[in-house]
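Student: I should like to request a close look at a single part of this protein, followed by its setting in the rest of the chain. Please explain each step of the reasoning as you go.

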Amino acid sequence: MGWPDKSATETEPQDGLTDGLIGAFLYWLGGFEIEDGLTAGLSERELRRIRAKQIDAVTRAIPVTMAVTMLNVAIVLILFWGRGWNDFLAIWGMTLAAAASLAVRAWRRAQQNPPQEASRRATRQMMRQAFFLAAIWGMLPLALFSRVGPTSQLILACLMVGMMSGGAFTLSTFPRAGLVYLATMTVACAGAMLLCGAGPYALTAVFLLLFAFFMARNIVSQGNLFLGNLKARLELERQTEIISLLLKDFQENASDWLWQTDAEGHLTDVPERFADVAQLPLPLLKGSHFADVLDMLCPEDKAAAYNVVGLMEHAEPLHEMNLKVVAGGEARLWSLTAKPAYDRDGQFLGYRGFGRDVTERWRAEKAEAESRAKSDFLAVMSHEIRTPMNGVLGLASMLLETKLDPEQREAVTTIRESGDNLQRILNDILDLSKLEAGRFAFEAIDFAPQTLVETVATVVRASAKSKGLAVKVELDPDLPPTLRGDVARIRQVLLNLASNAVKFTDQGEVTIKAICQARRDLLATVEWTVSDSGIGIAPEKLGQLFSDFAQADASISRRFGGTGLGLAISRRIIEQMGGTIGVISTPGEGSTFRFTLVLPWSQAQTSSQDAGRDEADDLKTRIASLDRPLKVLVAEDDAVNRMVVSKMLGAFEVELRVVADGVEAVAAVSEGDYDIVLMDVRMPEMDGLAATRAIRAEGGRFEALPIIALTANAFPEDVKICREAGMSDFLAKPLRKPALAAALLHALDGHVMAEDAPLQPELLPVEVEWTDEERQMTGA
């Protein structure tokens, strides 16, 4: 049996208009135009897969359809047995039973080995089977319809219509087989009616044809809908395959990797990337239990591995679970994210997730957290140390302004100078991280190298005298009278070396030298040396002297104390200033430490007099021009600091009010007309920053009121915070009278802290021509 082919209807010659119309009608009735449109563009393999799906849909319904068929056969045999047609009915029933048996056997084979593809031969075989089944049923009305009474005819007609509809519905997923079945049944039933004569039977036959026509269109519609779904599913599988290939390529090249387990927790999909990061063979990972893999990879983080396994046992999602793994002998940090997967029936299928190596991020975050904790600790330590130092240094400075005998003045001067050096050492410790990073900022001011050496010698003489040691100073007469550089840092290094020399010398002397090795128009190469006659250092220990927390011998810390950090800081300071530092030592004879710097020398004259005296005199003159006392409000919570500030301001004509916290400061400013506010940053109830913001928020004259910050946190970021809060100037503790006087003068003159206000003077001399060589040597 053949079916119309569209290409044939278009290319082969027609026998006439009638044949053309009949062919077009059959082509339309069979829905072949729609089917051709749906299958256009599909490959032969895809067509075979679609045919297999169509046949499989029919095959799955065989048990039900064959059961209904045999039930109808039993009804027919019960109704018509014993009326003289027993032979026909027996042959007919056994034929249908044999067909049903063959169909069930085919269904069983399909269940055991479902076909993935079907050829054209398989479709033709399905159509022949549909024709054979319909022909067997069609023989029943042809043989009996004209021989039975009206009641039996009605029963038989209903039975045949039911078989036509049921069979057509079952075969609708394969429209061509359904149409063959429907056409065969329709021809047989219509023929049986026409055998009964004209009249009502002929009219019923016409209605049967109309019923078959609409049934045929329904079969085509349902079949094409099923075909469209199959094509869409095929397209989805094609896209899924493409995505799978892309995903596989992504897994092989991406930093992340995917992983998948079955319901029992075994790894089912292990990409090459997973094996690479785990440093394990791919065959070992595939099929392994995920818990066993984690146990193998996490020897030092069992708790986290057990936590992941516990969540998976309860089908809980994993969200960025961090695991410390050991892959290839190296400690790494992984982050696992996954969700449980379920089928449409809610059955647990396993886990689908991805992993990510976050080792570098973890290390960066850990370093950042450690740095933040270190900075926080150093800030607190700075505040807590500077606060009592403010009392010591402030009162020592005030004592120096009183009448003292020479011995008392020398003692108080030593106290102040020692406190100054202690403060500088504290600053260096706080800035150690910047020194390590090479971001430390140095100042450049004019200083006298001779005075520097004498000052250091004076500081160490007190401790040297208690041990019976002599401290000698040797100055090169060729030294420039004035150099330009960071005198505080140079003094710190020289003081550290001299203090160490005194500490490790029991008898003899300590010599501090300053030698000018070279002197040109703008630059001078100066070497500072500190020699002692102490215990000396073994040659094998010299290499570690300038390392952090290192000492020549462990017993030194127990015998002499110290952290071993001083020389490390000194080395970083000298190297970042462009110089060199070293040591020569002989055990039992002594050591000589030296450092060399290339510094610009200046024509400016320096003085050992108190540089703040001019500021103090200027401030007194400025206050006198007001024709009234200077009204100053001090907000400070520490009693010692309040006393220090009060005594410093007592040297001037000042009307002073002191409050203990920010709340009182805001209230006092609102009540009084003050010229200047000295505001501590850290206070209870309300700190100085919040108090300043509250005062500025009042508007009017309060917007221009000078507010000077007093704080023990003397970092550049602290200056920025104070400026952003609305403060006019910044004073770091311990307070110095000259600095306080200068700040008050600036406030009276309307000076406001600039956006980039430095804590130190300008770094370079002004209006000096530098050669390229000099710039390179000085870092200018």
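Tutor: Of the contacts in the protein chain with a separation of 6 or more, 68% are between residues 24 or more positions apart. The model is a predicted one, and its protein chain holds 28 helices and 17 strands. Of the 780 residues in the protein chain, 44% are buried. The part chosen for the close look is helix α8, which covers residues 150-170.

Let us begin with the length of this helix. Helix α8 has 21 residues, and at 1.5 Å a residue these should span 30 Å. The C-alpha atoms at its ends are 30 Å apart, so the expected span and the model agree.

Next comes the question of which residues are hidden. A residue counts as buried when its relative accessible area is under 20%, and as exposed when that area is over 50%. In α8 the buried residues are S152, Q153, L156, L159, M160, M163, M164, G167 and A168. Viewed down the axis of α8, these buried residues fall within an arc of 155°, and therefore they line one face of the helix. The face turned away from that buried side carries exposed residues, namely P150, T151, L154, C158 and F169. Helix α8 thus has a buried face and, turned away from it, a face with exposed residues.

The setting of this helix leads to α7, because α8 is among the elements that cover the buried residues of α7. Also included in that cover are α4, α5 (62-80), α6 (86-112) and α9 (175-194). The buried residues of α7 are T123, M126, M127, A130, A134, I136, W137, G138, L140, P141, A143 and L144. The length of α7 can be examined in the manner used above. Its 25 residues, 120-144, should span 36 Å at 1.5 Å a residue, and the C-alpha atoms at its ends are 37 Å apart, which agrees.

Helix α4, another element of that cover, runs over residues 44-60 and contains T59. With a relative accessible area of 9%, T59 is buried. Neighbours within four places in sequence aside, T59 is in contact with A106, W107 and A110.

Elsewhere in the chain, a pair of helices shows how packing can be described. Two packed helices are described by the angle between their axes and the distance between the axes. The axes of helix α18 (residues 449-466) and helix α19 (residues 487-503) come within 10 Å and cross at roughly 30°. This crossing of α18 and α19 is right-handed. On the α18 side, the residues that meet α19 are L452, V453, V456, V459, V460, S463 and A464. On the α19 side, they are V487, I490, R491, L494, L495, A498, S499 and V502. The residues of this contact between α18 and α19 divide into twelve nonpolar, two polar and one charged.

Some individual residues outside these helices also deserve attention. P317 is in the loop between α14 (302-313) and β3 (318-327), and its relative accessibility of 47% makes it partly exposed. Although P317 and A341 are 24 residues apart in sequence, their C-alpha atoms are 9.8 Å apart in space. Apart from neighbours within four places in sequence, P317 is in contact with L311, A338, K339, P340 and Y351.

K513, in strand β9 (residues 509-519), is partly exposed with a relative accessible area of 26%. L475 is 38 residues from K513 along the chain, and the C-alpha atoms of the two are separated by 5.8 Å. Residues up to four places away in sequence not being counted, K513 touches E474, E527, W528 and T529.

Finally, two loop residues have a positive phi without being glycine. D627, in the loop between α22 (612-624) and β13 (630-635), has a phi near 60°. D627 is exposed, with a relative accessibility of 73%. E685, in the loop between β15 (676-680) and α25 (688-697), has a phi of about 65°. Its relative accessibility is 71%, so E685 counts as exposed.

Key. Residues numbered from 1 in each chain as written. Predicted model: local features only at pLDDT ≥ 70, side-chain atom pairs only at ≥ 80, totals over all residues. Heavy atoms only, no water. Axes fitted to C-alpha atoms, helices over the stretch in contact; angles between N-to-C directions. Helix = DSSP H or I, 4+ residues; strand = E, 2+ residues; numbered from the N terminus. Left-handed = near helix turned anticlockwise from the far one by under 90°. Contact = heavy atoms within 4.5 Å. Nonpolar A, V, L, I, M, F, W, Y, C, P; charged D, E, K, R; others polar. Expected span 1.5 Å × (residues − 1). Buried < 20%, exposed > 50% of the residue type's maximum accessible area, 1.4 Å probe, protein only. Arc of directions from axis to C-beta.
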